[in-house]
Amino acid sequence: MPTRSCIVVADDNHDAADSLAQLLGLMGYDAVAVYDGEQAVRACHDLHPDLAILDVQMPLLDGCAAARRIRDDEEGRAPVLAS
């Protein structure tokens, strides 16, 4: 049985992150919602997702900076989609 793809969804709008993660879950993915760029970097490092969907305009560590850190992490590197 193939494993389900893991997706990290990062958005400082909790409702948006939770809704997208829930929708992806209904579509058969293992989706995890996080609410800032730092959490996204940690989640990617820990979970090794198949994809990270990042809000570009998050405070503190925005999506662009988080994407750079995810890309630079050999262990947690994941393709990134900016939203």
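This is a short tour of the predicted model, stop by stop, with a suggestion of what to select each time.

**Stop 1: the β-α-β unit**

Start by colouring β1, helix α1 (residues 14-26) and β2, which together make a right-handed β-α-β unit. Now hide the helix and keep the two strands. β1 and β2 run parallel and are joined by five bridges. To find a bridge pair, pick Ile 7, whose partner in β2 is Ala 31.

**Stop 2: helix α2**

Next, select residues 37-47, which form helix α2. Which of its residues are buried? Show Gly 37, Ala 40, Val 41, Ala 43 and Cys 44 as sticks, and you have them. Look down the helix axis: these residues sit on the same side of α2, because they cover an arc of only 165° around the axis. To see what they pack against, add β1 (6-10), β2 (30-34), β3 (51-54) and α3 (63-72) to the view.

**Stop 3: Asp 36, at the start of α2**

Step back to Asp 36, in the loop between β2 and α2. Asp 36 caps the N-terminal end of the helix. Two distances are worth drawing here. One runs from a side-chain oxygen of Asp 36 to the backbone nitrogen of Glu 38, at 3.0 Å. The other joins a polar atom of the Asp 36 side chain to the backbone nitrogen of Gln 39, at 2.7 Å.

While you are here, look at what surrounds the residue. Setting aside residues up to four places away in sequence, Asp 36 touches Ala 10 and Met 58. Pro 59 is 23 residues from Asp 36 along the chain, yet their C-alpha atoms are separated by 7.2 Å.

**Stop 4: two residues with positive phi**

Go to the other end of the helix and select His 48, just after α2. His 48 belongs to the loop between α2 and β3, and its phi is near 50°, a positive value in a residue other than glycine. Is His 48 buried or partly exposed? With 40% relative accessibility, His 48 counts as partly exposed.

Then jump to Leu 60, in the loop between β3 and α3. Leu 60 also has a positive phi, near 70°. Its relative accessible area is 86%, so Leu 60 is exposed.

**Stop 5: the nonpolar cores**

Now turn inward. In soluble globular proteins, nonpolar side chains tend to be buried together. In this model, the largest nonpolar core has 16 residues, and the members that touch the most others are Val 8, Ala 10, Val 34, Leu 54 and Ile 70. β1, α2, β3 and α3 each supply at least two residues of this core. Another core, of five residues, lies apart from it; select Ile 7, Val 9, Ala 17 and Ile 53, which are among its members.

Return to Val 8 and list its contacts, leaving aside neighbours within four places in sequence. They are Val 32, Val 34, Ala 43, Cys 44, Leu 47, Pro 49, Leu 51, Ala 52 and Ile 53.

**Stop 6: Val 80**

Finish in strand β4 (residues 80-82), where Val 80 is found. Val 80 has a relative accessible area of 36%, so this residue is partly exposed. Which residues does Val 80 touch, not counting those up to four places away in sequence? Show Leu 51, Ala 52, Leu 54, Ala 67 and Ile 70. As a last distance, join the C-alpha atoms of Val 80 and Ile 53: these residues are 27 apart in sequence and 5.9 Å apart in space.

Conventions. Residues numbered from 1 in each chain as written. Predicted model: local features only at pLDDT ≥ 70, side-chain atom pairs only at ≥ 80, totals over all residues. Heavy atoms only, no water. Buried < 20%, exposed > 50% of the residue type's maximum accessible area, 1.4 Å probe, protein only. Helix = DSSP H or I, 4+ residues; strand = E, 2+ residues; numbered from the N terminus. Arc of directions from axis to C-beta. Contact = heavy atoms within 4.5 Å. Polar contact = N/O pair within 3.5 Å; in protein donor to acceptor, adjacent residues only side chain to side chain. Core = buried A, V, L, I, M, F, W, Y, C linked by side-chain atoms within 4.5 Å. Pairing = 2+ DSSP bridges. Right-handed = clockwise from strand over helix to strand, strands pointing away.
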